[in-house]
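Okay, thanks everyone for coming. I'd like to talk through the empty space in this one, then a couple of helix pairs and some odd backbone spots. Have the structure open while I go.

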Amino acid sequence: MPQSKPPKTDPFRIETRLTHDGRNPEAQAGAVNPPAYRMSTVTFPTVAALAEGYANRFDGIYYGRYGTPTSQALEEVLTALEGVEQGPYRTMLTSSGMAAIAGPLLALLNSGDHLLMIDSVYGPTRAFCDTQLNRFGIETTYYAAGDNLAPLFRDNTRLVFCESPGSLTFEIQDLPQIADIAHARDCLVAVDNTWATGLYYRPLHLGADISVQAATKYIVGHSDAMLGAVTCSESLYRRIKPAVSGFGYAAGSEECWLGLRGVRTLAARLRQHQENALKVADWLAAHPNVDRVLYPARPEDTYHDLWRRDFTGASGLFGAVLKLGSDDALAAMLDGLALFGMGYSWGGFESLVIPADRGLTRTARPWNGPGPLIRLHIGLENPDDLIADLAAGLDRYSRS
Ligand SMILES: *Cc1c(COP(=O)(O)O)cnc(C)c1O
């Protein structure tokens, strides 16, 4: 029989919480990990228990779409990851990062409302605002990092959405300042925290009301599942969860299990992603074919001071602007890379690259090259091998 253990004494540091939270070996024959509970139906013994199950649907196990012991275990770990405690705060998992963004926006905004959105937001989030929210009569105004937000608020502004650093161009936003301005106008603040995860950035400590993550990226960490997470106060949870559940954005059992497996090694992986990325970024920045590197962890970066103030680390994703060159030269560089896969998403163990200007839309502040922008995800390979691969690629770039 599994032995019960003495109670754990808090507070533990985050690496310890990532290892121990959300586990209950006694409930599963002593096994270290909870299984992937595959469930739709949950059966109740009596009419009264069935009614009570419904009344308790946000906390208990009621029906597969509301959550399972596996999703609840990961939710507990991700709440700790965001630096807040289960009870006053909690996390809900969703079927993808986009569902974690769409859910809160659709739950909290009504027709006729106005939304302030960072210009460098993840492209599909922008598309969601411009198409889906727009169809429902919710208007979006884009602001650039560093803009004075005060004049952009209207009487019907309800929410400010940040993403720091921004997708593809990596601008850091002054979240405490944005939160002060927004809260003075009774507006909520949501942050897409996918890049840093709660490990290196704590939006809920810096004034945000909601932190969302595409857990698809670093939480899952192995490029093999779609998953999203929303962390917020219990009262916001009660407003957002019915929408997430009503839209059917539930996370799958297998995906929750993969997220739980991934999050156990998050701290070790991110430390290595950061070390490798810094080495590759420094090398790139010194290369004659590179105009500049966009990675706030480098002291030369425009946003380095803000990053140092608010972040405790950087992940493996950054941008590089090349010196002027043709599309053919860029294709010659990227097509011939041996170690960098080309494709969307990131946060897995492997290195990736994309030509980034193609997915780049900026309306508040136009993007100026001068050359092509590439986005790199630096994986867990030996960084010297990655540098050699890029060196050969940049040779092809200048020769084409
Ligand atoms: C990938 C990504 C998302 C969307 O996540 P999916 O799981 O692909 O839906 C949202 N925000 C950011 C910043 C991302 O990089």
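So, to start: which residues line the largest cavity? They are Asn33, Pro34, Trp257, Leu260, Arg261 and Arg264. Before I go on, keep in mind that this is a predicted model. That cavity holds about 60 Å³ of space, and its lining splits into three nonpolar residues, one polar and two charged. So you have charged residues, two of them, in the wall of an enclosed space.

How many cavities of 30 Å³ or more are there? The count comes to two. The second largest cavity has a volume of about 30 Å³, and its lining has another character: eight nonpolar residues, no polar and no charged. If you want to click through them, they are Pro104, Leu105, Leu108, Leu159, Phe161, Ala190, Ile210 and Val212. Helix H4, strand S4 (157-163) and strand S6 (210-214) each put at least two residues into that lining. H4 gives the most, with three residues.

Hold on to H4, since we meet it again. Moving on to the open spaces, the largest pocket comes to about 540 Å³. Its lining takes in 33 residues, and those nearest the centre are Tyr122, Pro124, Ser167, Lys217 and Arg375. Which elements give two or more residues to that lining? Those are helix H4 (97-108), helix H5 (123-135) and strand S11 (352-355). By class, the lining of this pocket has 17 nonpolar residues, ten polar and six charged.

The second largest pocket has about 380 Å³ of space. There are 19 residues around it, with Thr169, Glu171, Arg292, Tyr303 and Trp367 nearest its centre. Strand S8, residues 290-294, makes the largest share of that lining, at three residues. Here the split is nine nonpolar, four polar and six charged.

Right, helices. Two packed helices are described by the angle between their axes and the distance between the axes. Let's do that for H4 and H5, the helices we just had at the largest pocket. Their axes come within 11 Å and cross at roughly 40 degrees. That angle makes H4 oblique to H5, and the crossing is right-handed. On the H4 side, the contact uses Met98, Ile101, Ala102, Leu105 and Leu106; on the H5 side, Pro124, Thr125, Phe128 and Leu133. That gives eight nonpolar residues, one polar and no charged. Two of these names should sound familiar. Leu105 of H4 touches H5 and also lines the second largest cavity. Pro124 of H5 is in the contact with H4 and is also one of the residues nearest the centre of the largest pocket.

The other pair I want to show is helix H12, residues 327-335, with helix H13, residues 383-399. How do they run, parallel or antiparallel? Their axes cross at roughly 155 degrees and come within 8 Å, so H12 and H13 are roughly antiparallel to each other. This crossing is right-handed too. From H12 we have Ala329, Leu330, Ala332 and Met333, meeting Leu390, Gly393, Leu394, Arg396 and Tyr397 of H13. By class, that contact has seven nonpolar residues, one polar and one charged.

Last bit: backbone oddities. Where are the cis peptide bonds I'd like you to look at? One joins serine 164 and proline 165, with omega about -5 degrees. Proline 165 sits in the loop between S4 and helix H6 (175-184). Another joins glycine 369 and proline 370, with omega about 5 degrees, and proline 370 is in the loop between S11 and strand S12 (373-377).

Now go back to the loop between S4 and H6, where you also find leucine 168. Leucine 168 has a positive phi, about 75 degrees, although it is not a glycine. So that loop holds proline 165 of a cis bond and leucine 168 with its positive phi.

And to tie this back to the pockets: Ser167 is among the residues nearest the centre of the largest pocket, and Thr169 has that role in the second largest. Leucine 168 comes between them in the numbering. That's what I had; happy to rotate the view for anyone.

Definitions and conventions
Residues numbered from 1 in each chain as written. Predicted model: local features only at pLDDT ≥ 70, side-chain atom pairs only at ≥ 80, totals over all residues. Heavy atoms only, no water. 1 Å grid on protein atoms, 1.4 Å probe; cavity = no way out; pocket = protein on both sides within 12 Å on 5 of 7 lines; lining within 4 Å. Points joined across faces, edges and corners; volume = space filled by probe spheres on them. Helix = DSSP H or I, 4+ residues; strand = E, 2+ residues; numbered from the N terminus. Nonpolar A, V, L, I, M, F, W, Y, C, P; charged D, E, K, R; others polar. Axes fitted to C-alpha atoms, helices over the stretch in contact; angles between N-to-C directions. Parallel < 35°, antiparallel > 145°, perpendicular 65-115°, else oblique. Left-handed = near helix turned anticlockwise from the far one by under 90°. Contact = heavy atoms within 4.5 Å.
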